[in-house]
Amino acid sequence: VIHAYTAASENFNDWENKLDGGFDNGKAEEKDYQRTKTYKDLKEEKTEALWLALERIIPDIRERAKQKGSIVEVGTPLTH
């Protein structure tokens with residue numbers, strides 16, 4: 001089991017302003033906002049940086065993460 005995350009010092013507003021509608025009401029069951037392409041691109045950029053850091057310690061981590069039974073979940077400050 002690996003639980004990896006980046007520093008919690010990122011500004012929430014940097015993520016929130018990338019939503020269509022401009023804000024997250026905090027209600028997961030309501031679909032009144034959408035993640036924009038800019039949001040998805042930023043998430044991918046941050047995800048790649050984390051994978052690269054993990055690969056320094058576990059070079060084949062991406063392949064291991066693709067094995068049967070593996071679960072990979074990526075969250076952002078909006079997720080938490």
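**Notebook: helix α2 and the largest pocket**

I began with helix α2, residues 37–57, and checked its length: at 1.5 Å a residue its 21 residues should span 30 Å, and the C-alpha atoms at its ends lie 31 Å apart, which agrees. I note here that the model is a predicted one, and I read the entries below with that in mind.

**Overall layout**

I then went along the whole chain and found three helices and two strands, which follow one another in the pattern α-β-β-α-α. Of the 80 residues in the chain, 20% are buried. I also looked up how contacts are spread along the sequence: among those with a separation of 6 or more, 47% are between residues 24 or more positions apart. For the surface I noted that the chain exposes about 6,500 Å², with carbon and sulfur atoms supplying 51% of that area.

**What covers helix α2**

Which residues of α2 are buried? I found Tyr39, Leu42, Thr47, Trp51 and Leu54 on that list, and when I asked what lies over them, the cover turned out to include α1 (12–16), β2 (34–35) and α3 (61–65).

**Trp51**

I chose Trp51, which is found in helix α2, for a separate entry. Its relative accessibility is 17%, and since buried means under 20%, Trp51 counts as buried. Leaving out residues up to four places away in sequence, I found that Trp51 touches Ile61, Arg62, Ala65 and Val72. For one of these partners, Ile61, I looked up the spacing as well: Trp51 and Ile61 are ten residues apart in sequence, and their C-alpha atoms are 8.0 Å apart in space.

**The largest pocket**

Next I turned to empty space, since rolling a probe the size of a water molecule over the atoms shows where such space is left. The largest pocket holds about 1,100 Å³ of space. I counted 29 residues in its lining, and those closest to the centre of the pocket are Ala4, Tyr5, Leu50, Glu73 and Val74. Which elements give two or more residues to this lining? They are α2 and α3, and α2 gives the most, with six residues. By character, I could divide the residues of the lining into 16 nonpolar, eight polar and five charged.

**Closing entry**

Helix α2 therefore enters my notes on two counts, as the element that gives the most to the lining of the largest pocket and as the helix of Trp51, which counts as buried at 17% relative accessibility.

Definitions and conventions. Residues are numbered from 1 along each chain as its sequence is written. This is a predicted model: local features need pLDDT of at least 70, side-chain atom pairs count only at pLDDT 80 or more; totals for chains, interfaces and linings use all residues. Side-chain values use heavy atoms; hydrogens and water are left out. Helices (H or I, at least four residues) and strands (E, at least two) are DSSP runs, numbered from the N terminus. Buried means under 20% relative accessible area, exposed over 50%, partly exposed in between (1.4 Å probe, protein chains only). Contact means heavy atoms within 4.5 Å. Accessible areas come from the Shrake-Rupley method with a 1.4 Å probe; for residues, only the protein chains shown count as cover. The expected span of a helix is 1.5 Å times one less than its number of residues. On a 1 Å grid over the protein atoms alone, a cavity is a set of points where a 1.4 Å probe fits but cannot get out, and a pocket is an open set with protein on both sides within 12 Å along at least five of seven lines; lining residues have an atom within 4 Å of a point. Grid points are joined across faces, edges and corners, and a volume is the space filled by probe spheres set on the points. Ala, Val, Leu, Ile, Met, Phe, Trp, Tyr, Cys and Pro count as nonpolar, Asp, Glu, Lys and Arg as charged, and the others, Gly among them, as polar.
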